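Let's take a friendly walk through a protein model together. Have the sequence and the 3D view ready, and follow along one stop at a time.

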Amino acid sequence: MDLNVVGAGIVGLAHALIASQKGLRVRVIEKDHRCVGASIRNFGFITVTGQRSGLTWQRAMRSRDVWQSLASEAGLRIEHCGLWMLARQALSVPVLEAFLQTEMGSSCELHTSAQVQVKAPWLRCEDGMTAMYSPHELRFESSIVIPRIAAWLQERYGVEFQWAQDALEVQGGTVRTATHRFEAERAVLCPGTYLNGIARPWLKDFALHLTRLQMLRVRPPTGFKLDAAAMSDLSLVRYLGYAKLPQAQALLAHLQQTEAQSLADGIHLIAVQSEDGSLVVGDSHHPHATPDPFSSDAVDALILRHLRQSLRLDQFEVIQRWTGVYPTGIDQDAVILSPDDQLRIAVVSSGCGASTAFGLAQDVFQTW
Ligand SMILES: Cc1cc2nc3c(=O)[nH]c(=O)nc-3n(C[C@H](O)[C@H](O)[C@H](O)COP(=O)(O)OP(=O)(O)OC[C@H]3O[C@@H](n4cnc5c(N)ncnc54)[C@H](O)[C@@H]3O)c2cc1C
């Protein structure tokens with residue numbers, strides 16, 4: 001075997017794909033019977049617009065293209081494309097206007113409320129408001145496509161999957177679990193949120209901790225149809241592609257007065273739709289060394305208030321609630337470590353792994 005990949009989340013699968021495309025024989029070792037981590041708890045929202053400028057945005061652009069080709073090759077259903085960013089606050093408009101002046105604003109457009117009412121009547125874009133449309137985004141149903149990608153890697157490239165094998169140690173490229181020794185020339189560790197596990201010797205010097213998110217699935221009335229993802233003002237002070245623009249400071253100061261609790265809970269709105277019509281809605285962000293297992297109803301209520309304010313959706317039923325975690329704590333969106341010629345460690349250290357994993361894996365193999 002040429003390569004052991006530890007972890008069958010999207011980062012591990014992305015490394016398995018890129019390595020297979022280079023002709024390597026690949027084995028994926030996963031401690032659970034199936035992936036149940038961040039990669040299936042997320043929105044399945046492949047976000048380009050709003051990612052941190054530079055490397056993260058470039059990785060997101062490249063990853064989006066890989067997702068697009070995987071959709072046809074592996075038969076992954078794209079639920080919808082594009083993004084509507086609703087500016088409910090007047091101070092959001094200068095942020096969006098400044099964003100459009102950057103290279104990241106390419107192909108994005110501002111729309112008046114009258115235009116939005118025609119193009120996206122489901123968005124609560126009241127008279128005098130503005131919304132930006134980005135064509136770059138894709139939305140997949142993660143709980144369906146993650147196992148599908150694994151199955152397709154096995155069918156298409158003969159990738160070997162070892163499920164329910166907790167990797168305890170790596171030496172050279174060889175990985176040892178409680179019952180097996182999996183030999184390979186090289187290994188890449190993609191442990192996601194398991195910062196204290198097999199990759200601890202190399203990750204311990206980074207100030208990484210976990211951030212916990214609350215998520216909901218709601219059932220809207222029959223016929224309610226989103227044809228793109230929706231976000232609104234709070235995202236403009238959270239997603240660094242907007243938040244690092246000087247114009248975002250005035251918006252942040254205003255939101256600190258008007259939405260202090262939402263900011264304290266790290267809430268911003270993302271709403272996406274599934275094939276059955278239900279919406280995945282979130283999210284909040286609370287930092288933890290070890291995540292608290294108890295979710296807060298008050299936080300969910302606040303997320304749902306932002307949903308009502310941003311979508312023309314007065315009635316819905318909450319049908320699922322869950323939490324997820326991802327690593328954060330450092331001022332970069334991913335860590336790639338190269339301790340020696342045989343080993344790489346790849347961890348996404350912000351909430352953008354679905355959007356950037358393929359670009360990240362391309363970069364790992366660029367020099368390895
Ligand atoms: C609620 C939520 C919403 C999000 N929304 C988005 C979004 O819309 N768009 C976006 O781009 N990103 C989003 N993210 C972030 C994104 O989901 C993550 O960045 C991405 O899934 C990380 O992938 P991963 O493979 O590193 O981690 P994981 O999916 O957690 O996978 C890591 C895998 O490694 C396995 N593992 C760990 N240690 C071992 C070991 N020793 N032996 C064997 N196996 C091991 C674990 O069991 C796990 O299956 C969201 C995250 C969350 C939690």
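## A polar contact in a buried strand

A polar contact is a pair of N or O atoms within 3.5 Å; within protein, one of the two must be able to donate a hydrogen and the other to accept it. Keep in mind that what you see is a predicted model.

With that in hand, look for Gln273, which sits in strand E14 (residues 270-273). The side chain of Gln273 reaches the backbone oxygen of Gly277 at 2.8 Å. Is Gln273 buried or exposed? Gln273 counts as buried because its relative accessibility is 3%, and the cut-off for buried is under 20%. Leaving aside residues up to four places away in sequence, Gln273 touches Glu79, His80, Arg139, Phe224, Lys225, Leu226, Ser278 and Leu279.

## A residue out in the open

For a contrast, find Pro246 in the loop between H9 and H10. Pro246 counts as exposed because its relative accessibility is 64%, and exposed means over 50%. You can also try a distance here: Pro246 and Ser284 are 38 residues apart along the chain, and 24 Å separates their C-alpha atoms.

## Two domains and their interface

The domain assignment splits the chain into domain 1 (1-44 + 141-208 + 330-368) and domain 2 (84-135 + 209-328). Their C-alpha centres lie 30 Å apart. Where they meet, 16 residues of domain 1 are in contact with 19 residues of domain 2. Together the two domains bury about 1300 Å², with 61% of it on carbon and sulfur atoms. Which three residues supply the most of the area that domain 1 buries against domain 2? They are Arg41, Phe43 and Thr193, with 47% of that area.

There is one salt bridge between domain 1 and domain 2, and five residue pairs are in polar contact across this interface. On the side of domain 1 that touches domain 2, helix H2 (38-41) and strand E19 (343-348) each supply at least two residues. That side has eight nonpolar, six polar and two charged residues.

## Inside helix H4

Now move to helix H4 (residues 92-100), where Ser92, Val93, Val95, Leu96, Ala98 and Phe99 are buried. The buried residues of H4 pack against several elements, including strand E4 (80-87), strand E6 (130-139) and helix H10 (248-258).

## Salt bridges that link distant parts

The structure holds 22 salt bridges. In one of them, Asp331 pairs with Arg52, and the closest N and O atoms are 3.1 Å apart. Asp331 lies in the loop between E17 and E18, and Arg52 in the loop between strand E3 (45-46) and helix H3 (55-74), so this pair ties together parts that are 279 residues apart in sequence. Asp331 is exposed, at 60% relative accessibility, whereas Arg52 is buried, at 15%. Arg52 and Asp331 are linked with Asp333 in a network of salt bridges. Asp333 is buried, with a relative accessible area of 10%, and its side chain makes a polar contact with the side chain of Ser350 (3.0 Å).

Another salt bridge joins the side chains of Glu275 and Arg77 (3.6 Å, N to O). Glu275 lies in the loop between E14 and strand E15 (279-282), and Arg77 in the loop between H3 and E4, so the pair ties together parts that are 198 residues apart in sequence. Glu275 counts as exposed at 56% relative accessibility, while Arg77 counts as partly exposed at 42%.

Note on methods
Residues are numbered from 1 along each chain as its sequence is written. This is a predicted model: local features need pLDDT of at least 70, side-chain atom pairs count only at pLDDT 80 or more; totals for chains, interfaces and linings use all residues. Side-chain values use heavy atoms; hydrogens and water are left out. Buried means under 20% relative accessible area, exposed over 50%, partly exposed in between (1.4 Å probe, protein chains only). Helices (H or I, at least four residues) and strands (E, at least two) are DSSP runs, numbered from the N terminus. Contact means heavy atoms within 4.5 Å. Domain bounds come from an automatic or database domain assignment. Buried area is the accessible area (1.4 Å probe) that two parts lose on being put together, summed over both. A salt bridge is a side-chain nitrogen of Lys or Arg within 4 Å of a carboxyl oxygen of Asp or Glu. Ala, Val, Leu, Ile, Met, Phe, Trp, Tyr, Cys and Pro count as nonpolar, Asp, Glu, Lys and Arg as charged, and the others, Gly among them, as polar.
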